[in-house]
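Okay, thanks for having me, everyone. I'll just talk through one structure for a few minutes, so have a look at it first.

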Amino acid sequence: MSHLFTSESVSEGHPDKVCDRISDEVVDLLLGKFNESRVACETLTTTNRTVLAGEIRCPEEVTPEEIIETARQAVRSIGYEQDGFHWKNMDVACHLHEQSADIAQGVDSSGNKDEGAGDQGIMFGFACRETDVLMPAPIHFSHQILKSMADARHAGTADILGPDSKSQITCVYENGKPVRAESVVVSTQHHKDASQDQVRELVREHVLAILPDGWMCDEEKFYVNPTGNFVIGGPDGDAGLTGRKIIVDTYGGAAPHGGGAFSGKDPTKVDRSAAYAARYVAKNIVAAGLAARCTIQVSYAIGVAYPLSVYVNTDGTGEIEDTRLAEIIPKVMDLTPRGIRETLGLSAPIYKSSAAYGHFGRTAGEAGPGTFSWEALDLMDALKKAV
């Protein structure tokens, strides 16, 4: 049995990812001042304009000027110095205000009440054996191609490339396992003087470096900038918003998504923290050999600490019953918002590096101490013992 499956990624310079980066830089700014800050920051970008809105709470002083400078430096680090979008020249409007008291009283701990979830919702975690990082192959390789191109651009070895790019890989699956790429699509912003052949050959180098040996698609199914020129890019070419790339951020459509975005949210927002916890548990279940694939769903009510439900589906690959795994998980992992924050160390300024190239499939600590802690494999022994 064979089938095709496709996932896409977008680079740090994609308009929506620019917004995610700015929003997560604001989260890091606030958590760096006070590790129990509350942040819900939304960003909009368009031609030479950036608008921030949302709610924050921090006992330390945070001025609009600090937030505006944080936004500028985020854009600068991505590499935007274009006429239509420049970190120094863009107009930045900050409309962040104090968090709602009604939300705060449900989330905050007081007396005998533990810290509650910042909202209701459902969150999913997933892991599988398709790659060494236990992620689906199409989304993992889509991310890696764009990251490789961005690294080369930042290093000065790919000067003809601009910050904005997208990738898409269709994989051939045989008997449930990915075996090669059926097609590869990469669209990348480039310098106006670069020829399409130059861009194509530069992109080819990165694709071949990332895909496993023998995976490259046929030449006629290798698409680079299929519409032609891609000189105008980023927020100058298309408006961006925080939280619009939730499938790119997670599993590329290979697993369910609860609907909540991650960037711009502090870890009391279970949209973010519980999705990280679900990935952490699912990854450790697969790494421990308890299943070849694992999907976990958790659900919460605003202001309530403990999850309302825990669901596990191993697609028939589990070594024990899924219902038994669901019973074990809360015994080895505290799934309250406080428990998740403390177990994974989420109250630190660790989020800007997660704003592009996926929140999952990374290496714990790869962007500094505490980053991507939910990718660690330190829960395996507790899971095996519980089983």
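Before I get to the sheet, one bit of vocabulary: I call two strands paired if DSSP finds at least two bridges between them. And keep in mind that what you're looking at is a predicted model.

So, the sheet. There's an open one with 4 strands, and reading across, the order is β1-β8-β9-β10, with mixed pairing. The edges are β1, covering 2-10, and β10, covering 222-224, and each of those pairs on one side only. On average, neighbouring strands in this sheet are turned by 15° against each other, if you ignore direction. As a reminder, strands of a sheet pair through backbone hydrogen bonds, and that can be parallel or antiparallel. Which sense do β9 and β10 use? Parallel: β9, residues 177-190, pairs with β10 that way over 3 bridges. If you want a spot to zoom in on, Val185 stands opposite Tyr223 in β10.

Now follow the chain out of β10, and you get to the loop between β10 and β11, which is 240-241; Asn225 lies in that loop. Its backbone caught my eye. Most residues other than glycine have a negative phi. Asn225, though, has a phi near 45°, so positive, and it isn't glycine. Is Asn225 buried or exposed? Its relative accessibility is 5%, and buried means under 20%, so Asn225 counts as buried.

There's another residue like that. Tyr357 isn't a glycine either, and its phi is positive, about 70°. You'll find Tyr357 in the loop between α9 and α10. With a relative accessibility of 8%, Tyr357 counts as buried too.

Okay, helices. Have a look at α1, residues 15-33, against α2, residues 64-78. Their axes come within 9 Å and cross at roughly 130°. Angles over 145 would count as roughly antiparallel, and 65 to 115 as roughly perpendicular, so α1 and α2 are oblique to each other. The crossing is right-handed. Who's touching whom? On the α1 side, the residues include Val18, Arg21, Ile22 and Glu25, and on the α2 side they include Glu66, Ile67, Thr70 and Ala71.

Arg21 and Glu25 come up again, and that brings me to charges. How many salt bridges does the structure hold? It holds 25. One of them joins the side chains of Arg21 and Glu25, at 2.9 Å from N to O. These two are 4 residues apart in α1, so about one helical turn separates them. Arg21 and Glu25 are both buried.

Also in α1, Asp20 forms a salt bridge with Lys17, with the closest N and O atoms 2.8 Å apart. Here the spacing is 3 residues, again about one turn of the helix. Asp20 and Lys17 are buried as well.

Then there's a salt bridge between the side chains of Glu375 and Lys283, at 2.8 Å from N to O. Glu375 sits in the loop between α9 (337-344) and α10 (380-386), while Lys283 is in α7, residues 270-287, so the pair ties together parts that are 92 residues apart in sequence. Both Glu375 and Lys283 are buried. And one more for the charge fans: Arg200, Glu201, Arg204 and Glu219 are joined into one network by salt bridges that share partners.

That's my tour, thanks for listening.

How values were computed
Residues numbered from 1 in each chain as written. Predicted model: local features only at pLDDT ≥ 70, side-chain atom pairs only at ≥ 80, totals over all residues. Heavy atoms only, no water. Salt bridge = Lys/Arg side-chain N within 4 Å of Asp/Glu carboxyl O. Buried < 20%, exposed > 50% of the residue type's maximum accessible area, 1.4 Å probe, protein only. Axes fitted to C-alpha atoms, helices over the stretch in contact; angles between N-to-C directions. Parallel < 35°, antiparallel > 145°, perpendicular 65-115°, else oblique. Left-handed = near helix turned anticlockwise from the far one by under 90°. Contact = heavy atoms within 4.5 Å.
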